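The exercises below concern cavities, pockets, cores and aromatic pairs. Each task is followed by a worked solution.

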Amino acid sequence: MCRLLAPMLLLAGTASAGTVLPAQGVDCIVPSKPGGAMDLTCKLVQQGMRQLPDGAGRVLRISYVPGGIGAVAWHSQVARRRVEGDTLVAFSGGSLLNLAQGKFGKARAGDVRWVAALGTDYGMIAVRSDSPYKSLSDLIAALQRDPAKVLVGVSGTIGSQDWLKVALLVKLAGIDPKAVRFVALEGGGEAFTAMGANFVQVVSGDASEATLMSAGGSIRVLAVMSEQRLPGVLARVPTAREQGYDVVWPTIRGVWMGPQVSDRAYREWVETFERMMATPAFARLRADAGLYPLSLTGKPLTEHVQKAVDDYGRRAGQLGLMRK
């Protein structure tokens with residue numbers, strides 16, 4: 001479970017005298033079950049907002065809307081809460097991958113208003129601390145011997161980013177991804193819970209999740225999918241590249257709003273996040289959450305998202321994962 005904050009905290013308002021962000025409270029929707037990296041995103045917003053200068057006090061509520069690997073939250077917001085200027089929804093690179101593959105139906109990136117990217121995460125592979133697998137090579141060797149004996153927990157189904165991370169790794173080892181036994185779960189929190197109960201032996205997830213889960217000493221991270229070793233808690237964990245598997249998987253994390261939120265409310269949120277992310281306090285919070293610097297808002301973020309969706313679509317098409 002994420003240790004950042006309890007689900008409800010009083011927030012300070014913005015420093016801008018003209019700000020009219022809703023006083024009755026703000027919702028941050030987590031499109032998965034508690035405990036994963038989506039949950040962490042809303043809790044990072046929660047903490048970051050508290051660092052802002054004095055202003056109109058507001059309450060940030062965190063709501064969990066799991067289902068359909070994010071599709072339920074997406075359609076709920078777009079269909080029923082299109083104009084709400086007091087509702088933020090967490091997203092990740094996995095959300096963009098799902099959009100690219102058509103897993104949200106006819107939804108497109110341009111259907112919502114992209115507010116802010118809070119940071120970058122990276123893929124990782126973890127096992128229990130008592131696992132016989134001491135390295136990524138140990139795990140790959142076990143999969144080569146008998147892939148049916150190793151259950152891999154992933155958030156989402158075939159084609160999800162957690163599935164793709166493992167698929168890319170095993171393909172490099174000459175293993176057909178279809179031979180690997182994946183267990184589809186709803187979010188990183190559920191995946192780690194399943195591994196703790198030995199329902200699965202491996203979790204394909206994100207470095208931010210591993211940063212939080214590793215505190216108790218119950219997991220061992222075999223590899224991070226970054227260009228170079230990550231600082232902080234995971235500094236001793238080798239990259240997949242170091243271990244002979246050239247797989248790098250960065251994951252953007254941020255928030256979006258409904259498609260008909262007023263221009264004024266949207267601009268104010270963009271400006272609020274720009275102020276928040278410019279503070280040294282937020283840089284510390286982001287690092288503590290296991291995320292790495294990436295600050296995009298408004299139009300630059302919208303352009304980045306569209307490019308990412310296009311890129312994911314091409315990659316998914318090459319693997320035969322696109323829906324007809």
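**Exercise 1.** State how much space lies in the second largest cavity, and determine which residues and elements line it.

*Solution.* The model is a predicted one.
Step 1: the second largest cavity holds about 50 Å³ of space.
Step 2: its lining consists of Ile125, Leu136, Leu139, Ile140, Leu143, Val152, Val166, Leu169, Val170 and Val202.
Step 3: sorted by class, this lining has 10 nonpolar residues, no polar ones and no charged ones.
Step 4: helix H4 (136-145) and H5 each supply at least two residues of the lining. The greatest contribution, four residues, is that of H4.

**Exercise 2.** Follow Leu139 from the lining of the second largest cavity into the nonpolar core.

*Solution.*
Step 1: Leu139 is one of the residues that line the second largest cavity.
Step 2: Leu139 also belongs to the largest nonpolar core, which has 55 residues. Together with Trp74, Leu96 and Trp114, Leu139 has the most contacts inside that core.
Step 3: when neighbours within four places in sequence are set aside, Leu139 is in contact with Ile125, Tyr133, Val150, Val202 and Leu222.
Step 4: there is also a second, separate core, with 32 residues, including Met49, Leu88, Ala116 and Ala265.

**Exercise 3.** Describe the largest cavity by its volume, its lining and the classes of its lining residues.

*Solution.*
Step 1: the structure has two cavities of 30 Å³ or more, and the largest contains about 350 Å³ of space.
Step 2: 30 residues line the largest cavity, and those nearest its centre are Met38, Ile69, Ser92, Gly94 and Ser155.
Step 3: two or more lining residues come from each of helix H1 (37-50), helix H2 (71-80), strand E4 (87-92), helix H3 (93-101), helix H5 (161-172) and strand E10 (250-257). E4 provides the largest share, four residues.
Step 4: the class count for this lining is 12 nonpolar, 13 polar and five charged residues.

**Exercise 4.** Characterise the largest pocket, and locate Ala308 within its surroundings.

*Solution.*
Step 1: the volume of the largest pocket is about 300 Å³. Of its 15 lining residues, Pro250, Ile252, His304, Ala308 and Tyr312 are the closest to its centre.
Step 2: H3, E10 and H10 each give at least two residues to the lining, and H10 gives the most, with six.
Step 3: the lining comprises eight nonpolar, four polar and three charged residues.
Step 4: Ala308 lies in helix H10 (residues 298-318). Ala308 counts as buried because its relative accessibility is 15%, and the cut-off for buried is under 20%.
Step 5: between Ala308 and Ile252 there is a separation of 56 residues in sequence, while their C-alpha atoms are 9.7 Å apart in space.

**Exercise 5.** Identify the residues that line the second largest pocket, and sort them by class.

*Solution.*
Step 1: the second largest pocket contains about 200 Å³ of space.
Step 2: the lining residues are Ile158, Trp163, Ala167, Lys171, Asp176, Pro177, Lys178, Val180, Phe182, Leu319 and Leu321.
Step 3: eight of the lining residues are nonpolar, none is polar and three are charged.
Step 4: H5 contributes the most to this lining, namely three residues.

**Exercise 6.** Analyse the aromatic pair of Trp74 and Trp114.

*Solution.*
Step 1: nine aromatic pairs occur in the structure. In the pair of Trp74 and Trp114, the ring centres are 6.2 Å apart and the planes make an angle of 45°, a tilted arrangement.
Step 2: this pair joins distant parts of the chain, with Trp74 in helix H2 and Trp114 in strand E5 (residues 113-128), 40 residues apart.
Step 3: Trp74 counts as buried because its relative accessibility is 3%; Trp114, at 2%, likewise counts as buried.
Step 4: ring pairs link both residues with Phe91, Phe104 and Trp256 into a cluster.

**Exercise 7.** Explain what is notable about the phi angle of Asn198, and decide whether Asn198 is buried, partly exposed or exposed.

*Solution.*
Step 1: most residues other than glycine have a negative phi.
Step 2: Asn198 is not a glycine, yet it has a positive phi of about 65°.
Step 3: Asn198 is placed in the loop between helix H6 (188-196) and strand E8 (202-206).
Step 4: the relative accessibility of Asn198 is 44%, so Asn198 counts as partly exposed.

Terms used: Residues numbered from 1 in each chain as written. Predicted model: local features only at pLDDT ≥ 70, side-chain atom pairs only at ≥ 80, totals over all residues. Heavy atoms only, no water. 1 Å grid on protein atoms, 1.4 Å probe; cavity = no way out; pocket = protein on both sides within 12 Å on 5 of 7 lines; lining within 4 Å. Points joined across faces, edges and corners; volume = space filled by probe spheres on them. Nonpolar A, V, L, I, M, F, W, Y, C, P; charged D, E, K, R; others polar. Buried < 20%, exposed > 50% of the residue type's maximum accessible area, 1.4 Å probe, protein only. Core = buried A, V, L, I, M, F, W, Y, C linked by side-chain atoms within 4.5 Å. Contact = heavy atoms within 4.5 Å. Phe/Tyr/Trp six-rings, centres within 6.5 Å; stacked < 30°, edge-to-face > 60°.
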